[in-house]
Amino acid sequence: MVTTELLFRADAYLKTASARVVAVHERGIELDRTIFYPMGGGQAGDAGVLLRAGGERIEVVDVRKGESMDSVLHIAASAMPRLELGEALTLEIDWPRRYALMRLHTALHVMSCVVVAPVTGGNISPDKARLDFDIDMSLLDARRIEQETNALIARGVETETVWISDEELDARPELVKTMSVQPPRGAGRVRLLRIPGIDLQPCGGTHVHNIAEIGGIRVLKIRSEGRHNKRVEIALAS
Ligand SMILES: [Zn+2]
C-alpha cells in the first residue's frame, strides 16, 4: 500500500518540492511526497506540473485521493507518461489558483461563524465558494453576512492548526458543524483549524496564515436548494 507524505499539511505555502515516483497506473501518478492537495472536504484538487530531470513537463490537471488514507493520485493532462519507478521529479503547483482556494476556504470558516446554523454542504473552487445551511431563508441577509464576515476578517487574526485525539473530538460534538463532511477517523487524531476568538473546527484543508490575507468577501447570491439547504455563495472582494 502506497502512502504519500502530505507536505501541504505542515506548510500550505509550499509552491515547489522534489519527490520520487512510487506508482504509475491508469488512475494517476503516485509520489512518495506531495504538495498537491487532493480534492476533499469541499476543496478542489490542485493543478500544476511535474518536471522531469530532462526538462519534460507533465501537466497535472486534477488531484484525487487514492484508495488508502494518505495516497494521492496526480492526474496528467495527456496520455500517461512513461515514468520510471524511483524517478525524481520537481513538483510545482499552480500557486495563484491554490492561493485563491486557501483564501476562499479560510473565508468560509469565518462566514460559518456569522451564519449560526448547521452546515449541510460546501464547495470551494478558485473563483467562488459556498456553504449550505439548514436555516430559514428569512434569516439570511446578504449585506449583513458580508459586513459581519468582513469585520471579522479585518481583525487580522493568525490561524493555528491543532490536533486532538478521536476521543477528545467525540467528547466535544459541538466542534463538528458540518453534517455532510465528518472528519476522518481511524488515524487516532483529528486536525482542527483554530481562528482564535472566531472559529474552531475539524478541517484537513489548506488555509492562510492570517485571515487578513483574505482581504474581504462579497456575497454573490443566496438561494434555496431545498428545505435543509440554503446556499450562500461568496467570492473574494479583490
Ligand atoms: Zn478548513
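Mentor: A definition to start: donors are N, O and S atoms within 2.8 Å of the metal. Keep in mind that this model is predicted.

Trainee: Which residues coordinate the zinc ion, and at what distances?

Mentor: Three histidines do so through NE2: H105, H109 and H207. C203 adds its SG. The distances run from 2.0 to 2.1 Å.

Trainee: What is the arrangement of the four donor atoms around the zinc ion?

Mentor: Look at the angles. Four donors count as tetrahedral if all angles lie between 85 and 135 degrees. Here the angles are 102 to 123 degrees, so the arrangement is tetrahedral.

Trainee: How many residues apart are H109 and H207?

Mentor: The donor spacing along the chain is H-x3-H-x93-C-x3-H. H109 sits in helix 2 (residues 95–111), and H207 lies in the loop between strand 13 (199–202) and strand 14 (217–224). This pair links distant parts of the chain, 98 residues apart.

Trainee: Is D46 buried or exposed?

Mentor: D46 is in the loop between strand 4 (33–34) and strand 5 (48–52). Buried means under 20% relative accessible area. D46 has 1% relative accessibility, so it counts as buried.

Trainee: Which side chain makes a polar contact with the side chain of D46?

Mentor: The D46 side chain also reaches a backbone atom, the nitrogen of Y37, at 2.7 Å. The side-chain partner, at 2.8 Å, is R98.

Trainee: Which residue in strand 7 does D62 stand opposite?

Mentor: D62 is among the residues in contact with D46. Strand 6 (residues 57–65) and strand 7 run antiparallel, joined by five bridges. Six residues separate them in a hairpin. Opposite D62 stands I75.

Technical notes:
Residues are numbered from 1 along each chain as its sequence is written. This is a predicted model: local features need pLDDT of at least 70, side-chain atom pairs count only at pLDDT 80 or more; totals for chains, interfaces and linings use all residues. Side-chain values use heavy atoms; hydrogens and water are left out. Two strands pair if DSSP finds at least two bridges between them. Helices (H or I, at least four residues) and strands (E, at least two) are DSSP runs, numbered from the N terminus. Buried means under 20% relative accessible area, exposed over 50%, partly exposed in between (1.4 Å probe, protein chains only). A polar contact is a pair of N or O atoms within 3.5 Å; within protein, one must be able to donate a hydrogen and the other to accept it, and residues adjacent in sequence count only if both atoms are side-chain atoms. Contact means heavy atoms within 4.5 Å. Donors are N, O and S atoms within 2.8 Å of the metal (3.2 Å for Na, K and Ca); water is not among the atoms, so sites may look incomplete. Four donors count as tetrahedral if all angles lie between 85 and 135 degrees; four count as square planar and six as octahedral if opposite donors are over 155 degrees apart and all others between 65 and 115; anything else is irregular. Lists of a residue's contacts leave out its neighbours within four places in sequence.
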